[in-house]
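The following exercises introduce a structure to a reader who has not met it before. Each task is followed by a solution in steps.

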Amino acid sequence: MRDIAVVGFAQTPCVRETDGTTNGVEMLVPIFHEVLGGLGITKTDIGFWCSGSSDYLAGRAFSFVSAVDAIGAFPPIAESHVEMDAAWALYEAWVKLLCGEIDTALVYGFGKSSAGQLRRVMAMQLDPYLVTPLWPDSLGLAGIQARMGIENGLWDERSMAAVAAQSRSAALSNPLAQLSGEVDADELLTLPYVADPLRRHDCAPITDGAATIVLAAGDRARELCERPAWITGFEHRTDSPSFGTRDLTTSPSAVAAGKAAGADGVQVAELHAPFTHQEILLRQALGLGDEVTVNPSGGVLAGNPMFAAGLARIGEAARRIHDGSATKVLGHATSGPLLQQNLVCVMEGRE
Amino acid sequence: MTRPLSAPLDVGFDYTRSLGPTLGRFLSDLRRRKVTGIRGSDGRVHVPPLEYDPVTAERLSEFVDVTATGVVRGWSWIPEPLEGQPLDRPFAWALIQLDGADTSLLHAVDAGSPDQMSTGTRVRARWRDERVGAITDIECFEISDEPADPPVEAEAVTMVTTPVNLHYTHSASPTEDPFLRGLMEGRLIAQRCPVCEKVYFPPRPACPVDGVPTTDQIELSDRGTITTYCVVNVPFLGQRIPPPYVSAYVLLDGADIPFLHLLLGVAPEDVRMGMRVEAVWKPREEWGPTMQNIDHFRPSGEPDAPFDSYSQHL
């Protein structure tokens, strides 16, 4: 197998609302310039482009096609898209690189959640026959999962608030975060419920944003990056969409993806957990002990650009390899309701 | 700088889907105030029924009658219901295990207050009067130890229609904004790419060739050249004028991409590529931020433009 590495990463600030269009061009142009400029290459050096976004989020058809304007696709490019978080676009690009036809790929994701009502838009990912017609909102569903874990003794409202406080505190070191600060978990518990047992701090904020990663293979990666984040395991697994059938207090697909990708021994993990209890659940499912630094960026509780946030987790984890502060890291992404689908990317630095 | 123009955008569509034998049976039975599950490979009874076993992927076919009463297995409380949800007053989402089932169904519980809800609470279906064969035939569940209303006869259904209505705020891009504001004053504002110097009308957020924002603003006249056209002979819903008529690509003088508009004042058989045209504007009091301010184009009477002048813009 070819060695493939994350060599570049850039993301926009996470903000509650941007002025731009829902096709992402205004958010993507600056981060393409940042990531390509940082590597000293141009668009013609990229062998394959792949993106993740959603037309339901954008409220318009083929928004991902309009987004290609941000690339300047002339001469014509090789390009693909997934209607999922761009972490899955990264997976597609990784497979393409493994095939050996190209040496570089640029992956991007974008979402302007502020344009619509995110809690309702998310109902469009549910079973269209028996579930979407009820318009279950994403917070209401997550609340059911949170309560099941509380009543099974896996977490409680205090430990959930502690996750939120830790996220905001960690985000103080992340200038692109939407929410950061020193907050007291006990004070958070005095605030009202938004979807009992969830309070506002238990839910990732509504965020506009975009992220991009450049992958490169073998010698090309070594040319472009002093300390590439070599991908040593990259796996995704899924559970049944019928969530009344699943044990919602665990995530078999996260367990399986973590095992297959070789999550043992990571020093840093960036987890895509849009709700506080899901971070606790994922730590357990991926076997991450107290010695592992989880979400040093603040994670998605500090800023959750839909369809880019999972990709950004992998980028944030890779940065810890690039800057030499870790030798083995993990980036995780989720898709579907209640951690239905999970992706794990393990990366290592080499001396 | 002022924020770009924005406007509400409501997207609505009725999704119509065929049900097949498993969901068709389930929804037909809901119409009859009955609930039907299906036995999985491991013997568990799934409600709602699954077409394939979630573990073995075997095709499932053994239907099992269950009751419309059951137990809450998990719940959350929604203090402010959203559009389309089963109740417009505060309610609980719940996973409900019906008596006779081994898995849980998602629905709303009309409990009045979160104090009334707990895991293990017994509930029963509240059936809608007008049932069509949809999950919403159960209006919601209510807290009760009593049986639900008894079954009745009803025709089977094979299709389900789900209306989807989503609401957005659509924003113009920073380059579309001066274009739209210009139109309100009867001006045609294009953008030029600072790299390749191509002029885009209507403008785009970034030059699709160079991937950079088009920052140079230029004003164009309302005269141009027909690059290509078609004669519309087919009637369709919402058509403004009776066919046949001509839809033409108009390349404004100084622009590098043409746009589609209506061509009137010339018989369809006399239209030509290269024909020179001019805009016919609506009365000023009807102008808004739209290209519809130009009612149509008509021949200007100038000699045809040579092919070389527009051959790169087809």
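**Exercise 1: Helix H11 of chain A**

H11(A) is followed by Gly287(A), which has a positive phi, near 65°. Helices here (H or I, at least four residues) and strands (E, at least two) are DSSP runs, numbered from the N terminus. The model is predicted: local features need pLDDT of at least 70, side-chain atom pairs count only at pLDDT 80 or more, and totals for chains, interfaces and linings use all residues. Residues are numbered from 1 along each chain as its sequence is written, while chains are lettered from A and ligands numbered from 1 in the order in which they are written.

Task: determine how many residues of H11(A) are buried, and what covers them.

Solution. Step 1. A residue is buried if 20 or more other C-beta atoms lie within 10 Å of its own, exposed if 12 or fewer, and partly exposed in between, with C-beta atoms placed from the backbone. Step 2. By this criterion, 8 of the 10 residues of H11(A) are buried, and the helix is mostly covered. Step 3. The buried residues are Thr276(A), His277(A), Gln278(A), Glu279(A), Ile280(A), Leu281(A), Leu282(A) and Ala285(A). Step 4. Their cover includes H6, H7, helix H10 (252-261) and strand S11 (328-335) of chain A.

**Exercise 2: Two helices that pack**

Task: describe how H7(A) and H11(A) are oriented towards each other, and name the residues that meet.

Solution. Step 1. Helix H7 (residues 157-170) and helix H11 (residues 276-285) of chain A pack at an angle of about 95°, and their axes are 8 Å apart. Axes are lines fitted to C-alpha atoms, for helices over the stretch in contact, and angles run from 0 to 180 degrees between N-to-C directions. Step 2. Angles under 35 degrees count as roughly parallel, over 145 as roughly antiparallel, 65 to 115 as roughly perpendicular and the rest as oblique. H7(A) and H11(A) are therefore roughly perpendicular to each other. Step 3. Ser159(A), Met160(A), Val163(A) and Ala164(A) of H7(A) meet Thr276(A), His277(A), Glu279(A) and Ile280(A) of H11(A). Contact requires that the C-beta atoms of two residues, placed from the backbone, lie within 7 Å. Step 4. By class, the residues of this contact are 4 nonpolar, 3 polar and 1 charged. Ala, Val, Leu, Ile, Met, Phe, Trp, Tyr, Cys and Pro count as nonpolar, Asp, Glu, Lys and Arg as charged, and the others, Gly among them, as polar.

**Exercise 3: The contact between the chains**

Task: state which elements of chain A supply the side that touches chain B.

Solution. Step 1. The contact takes 45 residues from chain A and 54 residues from chain B. Step 2. Helix H1 (25-39), helix H5 (118-121), helix H6 (138-151) and strand S5 (193-195) of chain A each supply at least two residues of this side of chain A. Step 3. H6(A) gives the most, with 7 residues. Step 4. The side of chain A that touches chain B has 22 nonpolar, 13 polar and 10 charged residues. Step 5. For the whole model, ipTM is 0.95 and pTM is 0.95.

**Exercise 4: Domains of chain B**

Task: describe the contact between domain 2 and domain 3 of chain B.

Solution. Step 1. Chain B is divided into domain 1 (19-165), domain 2 (172-220) and domain 3 (223-314); domain bounds come from an automatic or database domain assignment. Step 2. The centres of domain 2 and domain 3 of chain B, taken over C-alpha atoms, are separated by 20 Å. Step 3. In the contact, 13 residues of domain 2 face 15 residues of domain 3. Step 4. On the side of domain 2 of chain B that touches domain 3 of chain B, H2(B) gives the most, with 4 residues. Step 5. That side divides into 10 nonpolar, 1 polar and 2 charged residues.

**Exercise 5: Backbone features**

Task: locate Asn295(A) and the cis peptide bond before Pro75(A), and describe the backbone at each.

Solution. Step 1. Most residues other than glycine have a negative phi, and most peptide bonds are trans. Step 2. Asn295(A), although not a glycine, has a positive phi of about 50°. Asn295(A) is in the loop between strand S10 (293-294) and helix H12 (309-322) of chain A, and is buried because 27 other C-beta atoms lie within 10 Å. Step 3. Phe74(A) and Pro75(A) are joined by a cis peptide bond, with omega about -5°. Pro75(A) lies in the loop between H3 and strand S3 (79-82) of chain A.
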